[in-house]
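Trainee: Could you take me on a close look at one part of this model, the sheet and the helices that lie on it? I would like to follow it on screen as you talk.

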Amino acid sequence: MLVIKNLHASIDGKEILKGINLEVKAGEIHAIMGPNGSGKSTLAGVLTGRDYIDVTEGEIWFEGKNLLEMDPEERAREGIFLSFQYPVEIPGVSMISFLRTALNEIRKHRGLPPLSSGDFLKLMREKQQLVEMDAKLTGRSVNEGFSGGEKKRNEIFQMALLEPKLSILDETDSGLDIDALRIVANGVNKLHSPQKATIVITHYQRLLEYIVPDYVHVLYDGKIVKSAGKELALELEEKGYEWLKKEVDTVIE
Amino acid sequence: MEDNLIPTYTGVYLNNKALFTEDVPQLLEPIRQQALEDFSTLGIPTNKLERYRYIDLLPSFNKKYDFYLKPNLLNLKIEDIFQCDVPQLDMKEVLTINGFYYQNNIFKGWQPDGTYVGSLRQAMHEAPEIVAKYLNKTYTANDGLLSLNSLLFLDGLFIYVPKNKSLAFPLQLINLLIANNDLFATQRNLIVLEENAAATLVVCDHALSSVQFLSNTSTEIFAEQNASLKLTMLQNVNNKATAITTTNIHQASNSQVHSVVLTLHGGMVRNNFNIKLTGEGADNQTHGLYLPDASQHIDNSVFIEHIAPHCTSNQLFKGILDDTSYAAFTGRIYVDREAQKTSAYQKCSNLLLSPQAKVNARPQLEIYADDVKCTHGATAGQVNDEAMFYLRSRGISAQEAQFLLTFAFAYEVTQNIPLGDLRFRMEELINKRLRKELGRCHNCMITLG
């Protein structure tokens, strides 16, 4: 589904990603872990089309299409979804008009007719239940006055509504208490299917107790320095990132 | 240029004195004399004056106009002339045509409940004491446009709500400009709310012909103790029109006046608000939203005087500017030595959609009391990048995202529009205006030749 080849990217002339290779197939869950500043969020930014990140080398293919040639909205319509680490508050844009506009754009791209108001509201209620989201929240402006946990639930709620092929969860666990974490993780698990793929970006192993990955990659200094099965996450939890850093730095020296 | 303009405009009065004095009570005589004297000194304000620094009105005044000094007695019903679908609520409407209260309006003066809704000119005969007590009492001899209004007005809307009464319905005043030749119109409105009285007023300005209009309208508002007025102004005149409004508000203790002025269209628009909080605990909210495009010029100037202690005032003005349009905002807050415990807020934010659009925002504070809370701020910029990316990352096109965020920018002002249905209609108009689909108001129908 997703193939990243030798990806180099920089921000303001500073190289952040230094040759990433990664392949994600349908049905798989990949976790990308790593210490702060290793380039995790930059990778998510490149995948979703942040314009302040310059891709200097490499390729990204999504379902056989060149992702780097697409605008952010085209990527979304093709089926890429980012659950934001810090969802932005947008006072004055109602949740309903936002979601309806987004859903209908995506449906149009898939050759489907726009949903009627009635069908849309029905669908919204159904998806709300998945993340146990308070119905009152959808009557507000986008993320306005939402608590940290509500914002993260809202991200997964949008994911449920827009039905992406590839979901990227950027630090979705940050700021969540254990109950909220369980609800959010349950939502993600219910949405997962053999046709879909998920990339979980996280600093801690905690979230991976609930969303069990098929592969764990460790990103350090802009490169994937280690890839293994889910047991790697536990090892990292136990030993921290220091041993890996040492290992990598020794090799480089 | 200016030297020639003073006799041109005083001449309108002096050469038509019969029209200005016929059938009019004595109380107008001193008002005219004072206005004549003041205007002869002040003239049309030029951009050399601090308060008019960002607007040049001389070209608009230095044109030949017809002066509308007698109402055309048109024998038509309101419904036949004009339909406005802004309301669709339990609002009652009255019209003025070129500054004159329309003779076939459903309200023609005293109402059974003791309120008065009708022509100011007629009220001088039917409610002389009330008119004498309030008319021109907000006048100050420091603005030539106001002096000119006092010199040339012949009619307008008069609303009087006596003690403990409320206007039983939201009233919509529709000011129409209709002419075959370029026209100068003057209008004076007077709104008096006695103790504990309340009213909701919506004022819509429309120019219905494509000739050049220059309208100079002044509205005096008196809110006595505990009185409450909710005022919404919608300005949607054509790009050849110059619209000048002066709204002078005097508020007694614990009164509330909440105003929202929306300027959707207008070649050149100047709105003056002069607000005096004279009684303790008075509350004034004056908000504005202006959406100029093409080469329109919109200038709002608000002057709030806190005379009494414990008063609150809040101004929020927002602009969305496109093409080569220009906007200015001047907000001056004066806090008297006696006005302790004043809370006064002022903010002006602008969204520039084109690199050629320009805005000047000037907050001015003049504070003589020591125990006050005052803040002010002004910004100009583009839509928030992070919000833009968020919307696009959900599949929404850049263009639609820009539109949603622009509309959202306006929301902070529109949410202050008092009636839910009205707010909804206004938002629809703004929506159309931002999508450039708005010529006139949506569904506004005029069938007058």
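**The sheet of chain B and its helices**

Mentor: Happy to! Please keep in mind that this is a predicted model. Let's start with helix H11 of chain B, residues 420-434, which lies across strands S10, S12, S14, S16 and S18 of chain B. Its direction is at about 25° to S14(B). A second helix, H10 of chain B (residues 398-414), lies across S14 (256-265), S16 (283-290), S18 (312-321) and S20 (342-352) of chain B. Helix H10(B) runs at about 160° to S18(B).

Now for the sheet underlying this description. In chain B, ten strands make an open sheet with mixed pairing, and you can trace their order as S4-S3-S8-S10-S12-S14-S16-S18-S20-S22. At the edges are strand S4 (100-101) and strand S22 (372-381) of chain B, each of which pairs on one side only. As general background, strands of a sheet pair through backbone hydrogen bonds, either parallel or antiparallel.

For one pairing in detail, zoom in on S10(B), residues 198-207, and S12(B), residues 228-236: these strands pair in the parallel sense over nine bridges. If you want a spot to click on, choose Leu201(B), whose bridge partner in S12(B) is Leu231(B). Both S10 and S12 of chain B are among the strands that helix H11(B) lies across, which brings us back to where we began.

For another kind of packing, turn to chain A, where helix H3 (residues 95-109) and helix H4 (residues 117-130) pack at an angle of about 105°, with their axes 11 Å apart. H3(A) and H4(A) are therefore roughly perpendicular to each other.

Notes:
Residues are numbered from 1 along each chain as its sequence is written. Chains are lettered from A and ligands numbered from 1 in the order in which they are written. This is a predicted model: local features need pLDDT of at least 70, side-chain atom pairs count only at pLDDT 80 or more; totals for chains, interfaces and linings use all residues. Side-chain values use heavy atoms; hydrogens and water are left out. Two strands pair if DSSP finds at least two bridges between them. Helices (H or I, at least four residues) and strands (E, at least two) are DSSP runs, numbered from the N terminus. Contact means heavy atoms within 4.5 Å. Axes are lines fitted to C-alpha atoms, for helices over the stretch in contact, and angles run from 0 to 180 degrees between N-to-C directions. Angles under 35 degrees count as roughly parallel, over 145 as roughly antiparallel, 65 to 115 as roughly perpendicular and the rest as oblique.
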